[in-house]
Amino acid sequence: MPPVICEICKDARAAVIRPKNSQKICKLCFLNVFEAEIHETIVSNNLFYRGERVAIGASGGKDSTVLASVLKTLNERYDYGLDLVLLSIDEGIKGYRDDSLETVKRNAQQYSMPLEIVGYDQLYGWTMDQVVAQVGKKGNCTYCGVFRRQALDRGAAKLDIKHVVTGHNADDVAETVMMNLLRADLPRLARATSIVTASAASEIKRSKPLKYAYEKEIVLYAHHKKLDYFSTECIYSPEAFRGTARTLIKDLEKIRPSSILDIVKSGEDMATLVPPEVSSSATCGAHADEDTNGCGSSGAVGDSMAKVEEQLAANALASESETEIRVAEDAQISQTLKSAATSTHDRKPKGRRKMVKQVMGRCEKCGYLSSQKICKACSLLEGLNKSRPRNTIEIGI
């Protein structure tokens, strides 16, 4: 068979087929194109400014490892002038996080970046192994997601850093869009699809430089660059609701590879339909992003719903003006027929529930940013601590 020529350089034999557009290119061209696209994402969205200190949320997995490698390469190539730091969260999962942290420590040496590790046991007095032993495997991702977000902010504050970047890719964003649709939680789309998540009440912002990069491309980049990363999945994640959305997204990708970016674009378009006061306040805690599984929100979804309800009300008034002719019958039979004939569409629609606008403040217990008196983390910890014994038994020798 004749060699397949690279569609970009035309000289080398093609060895990579890009998952995004099925383009046949060589390894070198793939690496250059991938890095160029990340650079374009950074520049077009003004993610950084010169001299900024940036914390990279490092877990040791492929996404955060590729993010650290790409940012180091682009920072040197285009002279961003960034001061990059690795920030890791130790959830306390034996057989998973302790091994991945060893990978992060090696990455810190390979990329010559300082490393800061913040543990759940230090911040909350609980490890995820203890949480799972208490609440079971169902719903444990809710605890981990809420705790991790707060831990990242606290770790960044400890380092006096105002910007945290995470390795969320296009597949992650598409999964989040799908999860919000399945949960009828459209107000969350504005935060989930935004490449920069920030709040006027907090000094720390987050961004996703890999937002438009496919997961398969990230794996290819790590493979061809021979990066050192940890590939084992969290032992508690198979029970998470995100896994259902991930399976659906992967099935769609097999049929139509562009479906991932199409879903991301659809999520961005739908986010514009949500009023700003709803999308910014419909949260139980600061920076409630795509990793939350159990935190709901309330609010209206744009003026389109109001127009639909107005039309339903007009139809109901029109139906009331009609004349009903009934044959004289026994009272009980007449009442039964009347109940059976009355449709829910013929009844007066109830008034729309008023949306209470939430204002970002501080948690009364820990002082962390929250839209409620008590933040979600403290609320979850309160439930966990109730089951702990308050007295200790000491044995003297």
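Guide: Welcome! Two strands count as paired if DSSP finds at least two bridges between them; helices (H or I, at least four residues) and strands (E, at least two) are DSSP runs, numbered from the N terminus. This is a predicted model, in which local features need pLDDT of at least 70 and side-chain atom pairs pLDDT 80 or more, while totals for chains, interfaces and linings use all residues. Residues are numbered from 1 along each chain as its sequence is written, and side-chain values use heavy atoms, without hydrogens or water.

Visitor: How many helices and strands does the protein chain have?
Guide: The chain runs to 397 residues. Its secondary structure comes to 15 helices and 10 strands.

Visitor: What percentage of the residues in the protein chain are buried?
Guide: Buried means under 20% relative accessible area, exposed over 50%, and partly exposed in between, with a 1.4 Å probe and protein chains only. Among the 397 residues of this chain, the buried share is 44%.

Visitor: What share of the contacts with a separation of 6 or more comes from residues 24 or more positions apart?
Guide: A contact here is a pair with heavy atoms within 4.5 Å. Taking the contacts in the protein chain with a separation of 6 or more, residues 24 or more positions apart account for 73%.

Visitor: Which strands are the edge strands of the open sheet of 6 strands?
Guide: Happily, the strand order can be read straight across: 5-4-3-6-8-7, with mixed pairing. At the edges, each strand pairs on one side only. The edge strands are strand 5 and strand 7 (196-197).

Visitor: Which residue of strand 4 does Gly57 stand opposite?
Guide: Strand 3 (residues 53-57) and strand 4 run parallel and are joined by 5 bridges. Opposite Gly57, in strand 4, stands Leu87.

Visitor: Which helix does the chain pass through from strand 3 to strand 4, and what is the handedness of the crossover?
Guide: A crossover is right-handed if, with the strands pointing away from the viewer, the path from the first strand over the helix to the second runs clockwise. Between strand 3 and strand 4 there is a β-α-β crossover through helix 2, and its hand is right-handed.

Visitor: Which residue of strand 5 faces Ser88 across the pairing?
Guide: Strand 4 is also joined to strand 5 (residues 115-119), in parallel, by 5 bridges. From strand 4 the chain goes through helix 3 to strand 5 in a right-handed β-α-β crossover. Strand 4 is mostly covered, with 6 of its 8 residues buried. Opposite Ser88, in strand 5, is Ile117.

Visitor: Which residue in strand 6 is the bridge partner of Ala55?
Guide: Strand 3 pairs with strand 6 (residues 163-165) in the parallel sense, over 2 bridges. For Ala55, the bridge partner in strand 6 is Val164.

Visitor: How far apart in space are Thr142 and Ala377?
Guide: Thr142 belongs to helix 6 and is buried, because its relative accessible area is 11%. In sequence, Thr142 and Ala377 are 235 residues apart. Their C-alpha to C-alpha distance in space is 9.9 Å.

Visitor: Is Asn46 buried or exposed?
Guide: Asn46 is found in the loop between helix 1 (27-44) and strand 3. Although Asn46 is not a glycine, its phi is positive, about 50°. Its relative accessible area is 61%, so Asn46 is exposed.

Visitor: What is the relative accessible area of Ser112?
Guide: Ser112 sits in the loop between helix 3 and strand 5. Ser112 is not a glycine, yet it has a positive phi of about 55°. Ser112 counts as exposed because its relative accessible area is 63%.
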